[in-house]
Amino acid sequence: MRVANEDWRTEIDRKVIPYVEYPGYENKYPTISGLSLSQNIIDEIRDTSAKLYKIFAKVTRVFQKCPENFMEKMDIPKELIPYMNISNPLGIPTFLSRFDYVISENGIHMVEINADTPCAIPEAYYGNEVFSQFYDCESSDPNYASPHNLEEFLKDLFLKIYNIQIDIRNGAINTEHPFVFACFDDYIEDKGNTLFLMNAMKHAVRDIAKEGMIEFVSFYDLKVDIDGSTVIPDGRTAAAIYRLHPMELLIDEVADDGDKLGKMFMDGYKSGKFKMFNPPESIIMQCKGFQALVWALHKAEKDNIFTTEENSVIEKYMLPTYFEQDAKLDPGNKEKRWIKKPIWGREGNGITVVDNNNNLILVKDLDAPEEVVQREPKTCIYQEFVDQVKFQTETDDPDMKDGYFTLSCFMLGSTPDALYTRVSPEQIAGTEAYWSPIFIDDDSPWED
């Protein structure tokens, strides 16, 4: 399939994905070769993601009705609890999310959902297309329709937010309160993802939104007014904010003068000064304890909230997951192992693998754990560990001939969409992982 002595990565626009050559890393972030998957597997991942999203949304509604002390036991920051039940334009708990799966000999297993601040958006919605065009195999691109789907989704969100501000006289939407896309602009990956989404929305609404209606602003340059409005440098206040900054960290932001900016920001949201993308309640699914809650509800003998089909989906695609205090360790079973994950861990930081006696087997090492920004967790979860299948791959590292793939499915609301994969020499992927494009091949070495 590859053309000799050519490299598809030369075609990637570094303005779209500015981290192909990631600062501080010797090798390029994209792999040289792609991962082939059968159409059956691709369909299964998307179908499963749709069903899991429906299940997770149901559990989120249950969670939102729980008392505060239960939320605190889930390690939801106490300061965030007052903002968990505010209506939003789409009426769903998270707008843009990403399910992550690993592959074992027994099939695919969902291990995480990033419901708050999913990244790898340019890779899935642009990079996969570059790969398929380079090899003239657009018909084998599983994400062929995804860029259009993303724009339609963003247009729908835009119109629902600005519904009352349509100027009937000329059909355009006024610029008094812009849709702001924000992140800390000194983090290259966050900025690349934020700008990609912003430009997709701009293109989607180019015929109905005036110039200046959609703006990028660094979090360093945002100000919170005394009434809770968010002010951008030109003095306008935002109608909506896309924020690529974890909710569990945002709430603790404090100004140099001691003002609690995070709380002021959230109070502005609560009082209706602006809409937020993703909404605050996305942190419920994001919390790793959420999967332990789903599993506990699934196993409940009484008051099981799931349908027969939903219970089957959970049993087949989720892994047994427990809160630390409820972990079902069985000292008599020497084969079973558990991944011990901090509730607010990111990039694999703080993850260990233990046996059924809670003896340490493995510690996930990161090159620079101090650079991973995360909330200090109060507790952790135990999730059953499964041995993954290795696949051959080709990277700039001559010693890495194969690796373990994590498959991801982006969700546009409740609809499954673009796929993304990353590959790591270790079964627990961290910051060392590569991004690998995907192509459809029904002769894939792993078909079902």
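**Figure 1. The second largest pocket holds about 380 Å³ of space.** Its lining counts 16 residues, and Phe184, Phe219, Leu222, Glu253 and Leu261 are the closest to its centre. The structure shown is a predicted model.

**Figure 2. Ten nonpolar residues belong to the lining of the second largest pocket.** Three polar and three charged residues complete this lining. Among the residues closest to the pocket centre are Phe184 and Glu253.

**Figure 3. Helix H7 gives the most to the lining of the second largest pocket.** The helix spans residues 261-270. Three of its residues take part in the lining. Leu261 is one of the residues closest to the pocket centre.

**Figure 4. Gln286 sits in helix H8.** This helix covers residues 282-286. Gln286 has 9% relative accessibility, so this residue counts as buried; the cut-off for buried is under 20%.

**Figure 5. The side chain of Gln286 reaches the backbone of Asp116.** The partner atom is the backbone nitrogen of Asp116. The distance is 3.0 Å. That places the pair within the 3.5 Å limit for a polar contact.

**Figure 6. Ten helices and 19 strands make up the secondary structure of the protein.** The protein has 448 residues, and 57% of them are buried. Of the contacts between residues at least 6 apart in sequence, 71% join residues at least 24 apart. The exposed area is about 20200 Å². Carbon and sulfur atoms supply 46% of this area.

Notes
Residues numbered from 1 in each chain as written. Predicted model: local features only at pLDDT ≥ 70, side-chain atom pairs only at ≥ 80, totals over all residues. Heavy atoms only, no water. Helix = DSSP H or I, 4+ residues; strand = E, 2+ residues; numbered from the N terminus. Buried < 20%, exposed > 50% of the residue type's maximum accessible area, 1.4 Å probe, protein only. Contact = heavy atoms within 4.5 Å. Areas by Shrake-Rupley, 256 points an atom, 1.4 Å probe, with all protein chains shown as cover. 1 Å grid on protein atoms, 1.4 Å probe; cavity = no way out; pocket = protein on both sides within 12 Å on 5 of 7 lines; lining within 4 Å. Points joined across faces, edges and corners; volume = space filled by probe spheres on them. Nonpolar A, V, L, I, M, F, W, Y, C, P; charged D, E, K, R; others polar. Polar contact = N/O pair within 3.5 Å; in protein donor to acceptor, adjacent residues only side chain to side chain.
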